[in-house]
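Open the model in your viewer and keep the selection panel at hand. The stops below go from one residue to the helices around it.

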Amino acid sequence: MRVSETPSTQPESTHLADRPVLVVDFGAQYAQLIARRVREANCFSEVVPHSMPVAEMLAKDPAAVILSGGPMSVYEDGAPSLDPALLQAGVPVFGMCYGFQAMAQALGGTVERTGLSEFGATPATILDSTSTLFNGQPVEQSVWMSHGDSVSAAPEGMTVTATTSGAPVAGFEDDERRLYGVQWHPEVLHSTFGQQVLENFLLRGAGLTGEWTAANVVDDLVASVREQIGDARVICGLSGGVDSSVAAALVQRAVGNQLTCVFVDHGLLRSGEAEQVEQDFVAATGVDLVVVDAKERFLTALAGVSDPEEKRKIIGREFIRVFEQAARDVVGSHAGSDDHPVEFLVQGTLYPDVVESGGGTGTANIKSHHNVGGLPDDLQFKLVEPLRLLFKDEVRQVGLELGVPEAIVWRQPFPGPGLGIRIVGEVTGERLDILRAADLIAREELTAAGLDRSIWQCPVVLLGDVRSVGVQGDGRTYGHPIVLRPVSSEDAMTADWTRVPYEVLAKISTRITNEVREVNRVVLDITSKPPGTIEWE
């Protein structure tokens, strides 16, 4: 089920999101990264597909538009095109890479294959360091290129303000029409002044004021949630992770004791997590918490299932069924009056969850998220998703603004389906015990090495259907392999594997193979995202 089909009265936007900076996605690898960089300039951004008609884009009343890169050539058959009407609407527009070339073509410039391709770090020469985009920057700077085509002739009215050896027109500007563009990728850190170029467009070119701050976002979201819920009762599926904890704190600030948090112990948690939720979060917030033991229910539902998408959907379905039961049998007697029945369910859905589930952007469905794409069609609750506009780093900022303890705010992300998607193959009680023991060892050693804040997260994966030959105690064994997946990321949209010191990896491997008798091999996943995802399933 797509997000748009989920029964909800969730407002489409908050006040601060009424005039978004639209990031038009032409199939770029980094469209979501562009959106994040815009947020870092304290401006709200939203990713939309290039296939969205211009009338629909303009109906959003955008404060500015950014055209992303893309994998094709603008003159290829079937290449995404840019409707010139967008450039004639009076909205400030900034093109990057493919978006830059699409602008040039739509405005009558020339784009062609010059034989002067540029990839990676490239020296650029700024022709006017007082221009809107390049004000205050050095004449020579390093930019990140990825192009085989070039703009060889700028459109009429455009002033060329940057050049490289392989791109005679590497940047152009028109202050009168508020149209700007660069051939490179300012959104990546390898472009040394990339963020400044982007912020110059937003603040100088588009005239935005940068009000998207944690304090303002909290005020806006609290007002939005209060308006949505009214006098009704609401429950929150509290996992103890960053997302659900911040969502719960936000809703509690909005509606107070109308909120009851329900912690479902589904048996798919890591060692010690149930106790952490019951103690740390309740002690910090004083929230009304109901604990439901559903371990057997989830294991029974998952029995015999190996397909990862099916596991996600089963876990999502069972979550909802448990919450429906909690609303009927627990919440009513525990917390309140029948005059205000439980109508709403709070979820910690984030913007990357929505994007990866194909919600609202025209992107491919990479995987179902239990709190986005895995909900049953007959869901009885209306959803409250106060964080669905936010990236993970913004959620942490909002959490700190709300007073959520740092130990929770900075907790490493953990997937909603828990260890159910960190076991490749069927989920059984025995496999869960093996994985919990291995995961606890990895977490203990990473913490002891002082690496908790430098690693985004470290999924520990059990290859349940794989057996590996080994030698333990002078005997031949066929044990399970364990995969360590330490990754570094800012928001989970892209990630790289973390270079954990060899001595730490060695200690983790030695302890796991010595202390978890069913495991005889530990391997390290060194794949970036893309092409891999952070989780294995």
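Start by selecting Leu221, which is buried because its relative accessible area is 6%, under the 20% cut-off for that word. The model you are looking at is a predicted one.

**Stop 1: helix 6**

Extend the selection to residues 214–229, which form helix 6, the helix that holds Leu221. Now add Val251, which lies 30 residues from Leu221 along the chain. The C-alpha atoms of Leu221 and Val251 are 8.8 Å apart.

**Stop 2: helix 6 against helix 7**

Next, show helix 7, residues 242–255. How do helix 6 and helix 7 cross? Their axes come within 8 Å, at an angle of roughly 65 degrees. Helix 6 and helix 7 are therefore roughly perpendicular to each other. The crossing of helix 6 with helix 7 is right-handed.

To see the contact itself, select Val218, Leu221, Val222, Val225, Arg226 and Ile229 on the helix 6 side. On the helix 7 side, select Leu250, Val251, Arg253, Ala254 and Val255. Of the residues in this contact between helix 6 and helix 7, nine are nonpolar, two are charged and none is polar.

**Stop 3: helix 7 against helix 12**

Keep helix 7 on screen and add helix 12, residues 392–402. Helix 7 and helix 12 have axes 10 Å apart and pack at an angle of about 45 degrees. That angle makes helix 7 oblique to helix 12. The crossing of helix 7 with helix 12 is left-handed.

Which residues meet here? From helix 7, select Val242, Asp243, Val246, Ala249, Leu250 and Arg253. From helix 12, select Lys392, Val395, Arg396, Val398, Gly399, Glu401 and Leu402. The contact of helix 7 with helix 12 has seven nonpolar residues, one polar and five charged. Leu250 and Arg253 may already be highlighted, since they also belong to the contact of helix 7 with helix 6.

**Stop 4: inside helix 12**

Stay on helix 12 and colour its buried residues: Lys392, Glu394, Val395, Arg396, Val398, Gly399 and Leu402. What covers them? The cover includes helix 6 and helix 7, along with helix 1 (31–40) and helix 13 (406–409). Show these four helices together with helix 12 to view that cover.

**Stop 5: just past helix 12**

Finish by selecting Gly403, just after helix 12. Gly403 has a positive phi of about 85 degrees.

Terms used: Residues numbered from 1 in each chain as written. Predicted model: local features only at pLDDT ≥ 70, side-chain atom pairs only at ≥ 80, totals over all residues. Heavy atoms only, no water. Helix = DSSP H or I, 4+ residues; strand = E, 2+ residues; numbered from the N terminus. Buried < 20%, exposed > 50% of the residue type's maximum accessible area, 1.4 Å probe, protein only. Contact = heavy atoms within 4.5 Å. Axes fitted to C-alpha atoms, helices over the stretch in contact; angles between N-to-C directions. Parallel < 35°, antiparallel > 145°, perpendicular 65-115°, else oblique. Left-handed = near helix turned anticlockwise from the far one by under 90°. Nonpolar A, V, L, I, M, F, W, Y, C, P; charged D, E, K, R; others polar.
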